[in-house]
Amino acid sequence: MPVSLHHESGNLYRVEIQGTLRKADLDRVQESLVTQMGPIGRARLLFVLEGFDGWEPQDNWSDMSFYVRHGDSIERIAIVGDERWREEALMFVAADLRKGPVKFFSADAAADARLWLVA
């Protein structure tokens, strides 16, 4: 499965993405996140892009309903991946529109990303 969600502790969740991201897979993970964070209320997300090939170009990525309904429940987002994905990944998570901070970390800085998330 190219996308998986893991509850690490408290309100920290890790989303692993491999290969090509499809909208249906992202929707499934988002639904699971909403269900899991229900009792917690807010979440901090660590996206790990490992072997990531980008986004499926045929899918409709204009749907912002998750962001509109749940965007304020996301306290922080750290993205760890190859530098070639920095700009696109930050645009994809709507970094400039969010109340909570979003930061990209290179693949060799995963420990720094975790520290930043819990700060």
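Colleague: What radius of gyration would a compact globule of 119 residues have, and what does the chain have?

Modeller: A compact globule with 119 residues would have a radius of gyration near 14 Å, and the chain has 13 Å, which agrees. The model is a predicted one. Its C-alpha atoms fill a box of roughly 35 × 30 × 30 Å along the principal axes.

Colleague: Which pattern of helices and strands does the chain follow along the sequence?

Modeller: The order is β-β-α-β-α-β-α-β-α. In total, the secondary structure comes to four helices and five strands.

Colleague: Among contacts between residues at least 6 apart in sequence, what share joins residues at least 24 apart?

Modeller: That share is 74% in this chain. A contact here requires heavy atoms within 4.5 Å.

Colleague: How many of the residues, as a percentage, are buried in the chain?

Modeller: A residue counts as buried when its relative accessible area is under 20%. Buried residues make up 46% of the 119 in this chain. The chain exposes about 6,700 Å², and carbon and sulfur atoms supply 51% of that area.

Colleague: Where does I77 lie, and is it buried or exposed?

Modeller: I77 belongs to strand β4. It counts as buried because its relative accessibility is 2%.

Colleague: Which residues does I77 touch, not counting those up to four places away in sequence?

Modeller: I77 touches L45, F47, V93, R98, P101, V102, K103, W116 and L117. For one of these partners, L117, the separation from I77 is 40 residues in sequence, while the C-alpha atoms are 7.2 Å apart in space.

Colleague: Let us turn to charge. How far apart are the mean positions of the positive and negative charges?

Modeller: The chain has 14 positive and 19 negative charges, and their mean positions are 6 Å apart.

Colleague: How many salt bridges does the count come to?

Modeller: The criterion is a side-chain nitrogen of Lys or Arg within 4 Å of a carboxyl oxygen of Asp or Glu. By this rule the count comes to 11 salt bridges.

Colleague: Where do K23 and D27 both lie, and how many residues apart are they?

Modeller: Both residues lie in helix α1, which covers residues 23-37, and they are four residues apart, about one turn of the helix. Their side chains meet in a salt bridge, with N to O at 2.5 Å. K23 counts as buried because its relative accessibility is 11%. D27, with a relative accessible area of 27%, is partly exposed.

Colleague: Which residue forms a salt bridge with R42?

Modeller: The partner of R42 is E75, and the closest N and O atoms are 3.1 Å apart. This pair links distant parts of the chain: R42 is in the loop between α1 and β3 (43-55), E75 is in strand β4 (residues 74-81), and 33 residues separate them. R42 is partly exposed, at a relative accessible area of 38%. E75 also counts as partly exposed, at 21% relative accessibility.

Colleague: What is the N to O distance where the side chains of R44 and E75 meet in a salt bridge?

Modeller: The distance for R44 and E75 is 2.8 Å, N to O. R44 lies in strand β3 and E75 in strand β4, so the pair ties together parts that are 31 residues apart in sequence. R44 is buried, with a relative accessible area of 17%.

Colleague: Which residues are linked in a network of salt bridges?

Modeller: The network links E8, R14, E16 and R114.

Colleague: Which side chain of opposite charge is nearest to D25, and how far away is it?

Modeller: The nearest is R28, 4.3 Å away; D25 is buried yet has no salt bridge. The cut-off for a salt bridge is within 4 Å. D25 is placed in helix α1. Leaving aside residues up to four places away in sequence, D25 touches P2 and V3.

Colleague: Finally, a point on the backbone. What phi does A94 have?

Modeller: A94 has a positive phi of about 55°, although it is not a glycine. Its place is in the loop between α3 (86-92) and β5 (102-106). A94 is buried, since its relative accessible area is 11%.

Technical notes
Residues are numbered from 1 along each chain as its sequence is written. This is a predicted model: local features need pLDDT of at least 70, side-chain atom pairs count only at pLDDT 80 or more; totals for chains, interfaces and linings use all residues. Side-chain values use heavy atoms; hydrogens and water are left out. Helices (H or I, at least four residues) and strands (E, at least two) are DSSP runs, numbered from the N terminus. The radius of gyration is taken over C-alpha atoms; the globule rule is 2.2 Å times the number of residues to the power 0.38. Buried means under 20% relative accessible area, exposed over 50%, partly exposed in between (1.4 Å probe, protein chains only). Accessible areas come from the Shrake-Rupley method with a 1.4 Å probe; for residues, only the protein chains shown count as cover. Lys and Arg count as positive and Asp and Glu as negative; His and the chain ends are not counted. The place of a charge is taken as NZ of Lys, CZ of Arg, CG of Asp or CD of Glu.
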